[in-house]
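Visitor: Could you walk me through this one? I'd like to start broad and then go into some details.

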Amino acid sequence: RQGFMANSGDSAVLRHTVTLHFATQSVTRVIGPGLAGYVVQVFGGHVCYVMQAALYVFAIVFLLRIDVPDYGKGTRRENVVTGINMGLNYVSSNRLILSLIGLTSLIGLVGLGHLDMLPVFSDDILGGGPVELGMMMTAGGVGALIGMLILMGVGDANMRGNLLVMM
């Protein structure tokens, strides 16, 4: 899905396309957990899984409707290992890309581990159920959405980079 964004328009709107993509993900993090908590509380977990499966089918149907241009005509196919090595060499030679990948990896490694413990915290410590867990997870989505809106409003690329690191 994200690979389509680079080819979806000219480079002048690519930044806004990427920002809008992540803003929609943040909105999903706000709406999804609260709704899921309510559905689990009222209807049970199995209904939540059925709804999620239906939404995946819906997404797949729309992804199949995307017209993908074939940029690979007339080019020879590279070995997978060669392609991985080329990618790693590019990342290691580009300081900005290396920093962004490192920052993303660090956030995934140490910044999101609390999500695994939220169900235990909600149930055992706070005595809550699925609705309370959904609200706790929604709070993280609200913070992500606020951060994304702040980044969208900043025009200077250096300032955006500094804000991204501080968030």
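Guide: What follows goes from the overall fold to two helices in contact, and then to a single residue.

Visitor: How many helices and strands are there in the protein chain?

Guide: The model, which is a predicted one, has eight helices and zero strands in the protein chain, and the pattern along the sequence therefore reads α-α-α-α-α-α-α-α.

Visitor: And what share of the residues is buried?

Guide: Of the 167 residues in the protein chain, 14% are buried. As for contacts with a separation of 6 or more, 51% of them are between residues 24 or more positions apart.

Visitor: OK, on to H4 and H5. At what angle do their axes cross?

Guide: The axes of H4, residues 80-93, and H5 cross at roughly 100 degrees and come within 5 Å. Because angles of 65 to 115 degrees count as roughly perpendicular, H4 is roughly perpendicular to H5.

Visitor: Which residues make that contact?

Guide: On the H4 side the contact is made by Tyr-90, Val-91, Ser-92 and Ser-93, while H5 contributes Arg-95, Ile-97, Leu-98 and Ile-101. Sorted by class, the contact has five nonpolar residues, two polar ones and one charged one.

Visitor: What caps the N-terminal end of H5?

Guide: That is Asn-94, which places a side-chain oxygen 3.1 Å from the backbone nitrogen of Leu-96. H5 itself covers residues 95-111, and its 17 residues reach 22 Å from the first C-alpha to the last, which is close to the 24 Å expected at 1.5 Å a residue.

Visitor: Switching to H7, what span should it have, and how far apart are its ends?

Guide: With 24 residues at 1.5 Å each, H7 should span 34 Å, and its end C-alpha atoms lie 35 Å apart, which agrees.

Visitor: Which residues of H7 are buried?

Guide: The buried residues of H7 are Leu-133, Gly-134, Thr-138, Gly-141, Gly-147, Met-148 and Leu-151.

Visitor: Let's take Thr-138, then. Why does Thr-138 count as buried?

Guide: Thr-138 has a relative accessible area of 11%, and it counts as buried because the cut-off is under 20%. Thr-138 is found in H7, which runs over residues 130-153.

Visitor: What does the side chain of Thr-138 reach, and which residues does Thr-138 touch?

Guide: The side chain of Thr-138 reaches the backbone nitrogen of Gly-34 at 3.2 Å. Leaving out residues up to four places away in sequence, Thr-138 touches Arg-29, Val-30, Pro-33 and Gly-34, so Gly-34 appears both in that list of contacts and as the partner of the side chain.

Definitions and conventions
Residues are numbered from 1 along each chain as its sequence is written. This is a predicted model: local features need pLDDT of at least 70, side-chain atom pairs count only at pLDDT 80 or more; totals for chains, interfaces and linings use all residues. Side-chain values use heavy atoms; hydrogens and water are left out. Helices (H or I, at least four residues) and strands (E, at least two) are DSSP runs, numbered from the N terminus. The expected span of a helix is 1.5 Å times one less than its number of residues. A polar contact is a pair of N or O atoms within 3.5 Å; within protein, one must be able to donate a hydrogen and the other to accept it, and residues adjacent in sequence count only if both atoms are side-chain atoms. Axes are lines fitted to C-alpha atoms, for helices over the stretch in contact, and angles run from 0 to 180 degrees between N-to-C directions. Angles under 35 degrees count as roughly parallel, over 145 as roughly antiparallel, 65 to 115 as roughly perpendicular and the rest as oblique. Contact means heavy atoms within 4.5 Å. Ala, Val, Leu, Ile, Met, Phe, Trp, Tyr, Cys and Pro count as nonpolar, Asp, Glu, Lys and Arg as charged, and the others, Gly among them, as polar. Buried means under 20% relative accessible area, exposed over 50%, partly exposed in between (1.4 Å probe, protein chains only).
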